[in-house]
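This report concerns strand pairing and the surroundings of one histidine. The sequence and model come first.

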Amino acid sequence: MGAKRQRIIDQGPSFYGNSPGSSFMYTAPPPPYSYVSQPPPFPVVRLRGLPFDCTETDVAEFFHGLDIVDVLFVHKNSKFTGEAFCVLGYPLQVDFALQKNRQNMGRRYVEVFRSKRQEYYKAIANEVADARGGSPRRNAPRAKSSDEAKESAEHTGILRLRGLPFSAGKDDIMEFFKDFVLSEDAVHIVLNSEGRPSGEAFVEFTNAEDSKAAMSKDRMTLGSRYIELFPSFSEEMEEAISRGR
């Protein structure tokens with residue numbers, strides 16, 4: 001699907017993201033690595049103690065100044081554990097990320113640890129299995145209540161998407177809804193205050209019947225991320241889009 005997380009897996013040790021940009025932490029390109037028998041370390045850290053309403057945007061703001069390639073929230077039995085993995089754009093950025101250890105996100109302090117490629121891959125596999133119904137407690141009461149609320153919501157022809165890979169583009173979203181007739185103008189990717197993708201988007205369908213039918217894609221995967229869908233309306237969409245301008 002073109003998701004950056006899938007490219008990380010497919011390309012193996014050769015992928016380390018783009019070189020750091022002109023953030024305040026970097027005034028010159030880092031020296032080349034001189035590893036003889038092994039590649040540079042995979043640039044991933046693990047976070048623990050995150051607020052349970054934490055979003056990918058919150059993690060990106062917590063690591064302000066670093067290049068965020070991917071954020072993977074860890075769930076168990078469909079419930080957020082307060083842990084996440086964050087893949088950075090370059091190995092040297094891991095040291096800067098570790099300086100955020102025990103700093104606050106909201107009212108909670110967050111622990112930041114070094115991690116490994118294998119731990120990140122294992123977490124991806126677990127999330128995909130859970131999204132496909134691999135968890136024996138997938139139909140927990142809380143999730144059922146959320147589903148009932150979605151089913152009873154009024155459809156206006158607009159859906160809100162949450163949990164998108166930061167690298168997802170309009171073509172990826174159109175492919176996700178390939179059973180429906182959509183144009184690029186009907187897909188709106190929400191940006192954060194820094195002009196970067198927030199992990200959310202809005203899609204305008206031809207009519208309310210199509211948007212209701214498209215809810216069958218709720219919690220299906222785009223790349224290796226499962227996507228949550230919510231009935232929405234034009235006012236909510238316009239407000240979200242305007243925040244990123």
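The text below covers an open sheet, a hairpin and a residue in that hairpin.

The model is predicted: local features need pLDDT of at least 70, side-chain atom pairs count only at pLDDT 80 or more, and totals for chains, interfaces and linings use all residues. Residues are numbered from 1 along each chain as its sequence is written, and side-chain values use heavy atoms, with hydrogens and water left out.

Five strands (DSSP E runs of at least two residues, numbered from the N terminus) form an open sheet in the order S2-S3-S1-S5-S4, with antiparallel pairing. Pairing requires at least two DSSP bridges between two strands. The edges are strand S2 (68–76) and strand S4 (103–105); each has a single partner strand, so one side of each lacks a neighbour in the sheet. On average, neighbouring strands of this sheet are turned by 35° against each other, direction ignored.

Two antiparallel pairs are listed here.

| Pair | Bridges | Residues opposite each other |
|---|---|---|
| S4 and S5 (residues 108–114) | three bridges | Asn104 and Tyr109 |
| S7 and S8 (residues 197–204) | four bridges | His188 and Phe202 |

The hairpin of S7 and S8 has five residues between the strands, and Gly195 takes a positive phi near 80°.

His188 lies in S7 (residues 187–191). Beyond four places in sequence, His188 touches (heavy atoms within 4.5 Å) Ala201, Phe202, Glu204, Met237 and Ile241. Met237 is 49 residues from His188 in sequence, with 8.5 Å between their C-alpha atoms. The His188 side chain also reaches the backbone oxygen of Asp185 at 3.4 Å.

Methods:
A polar contact is a pair of N or O atoms within 3.5 Å; within protein, one must be able to donate a hydrogen and the other to accept it, and residues adjacent in sequence count only if both atoms are side-chain atoms. Axes are lines fitted to C-alpha atoms, for helices over the stretch in contact, and angles run from 0 to 180 degrees between N-to-C directions.
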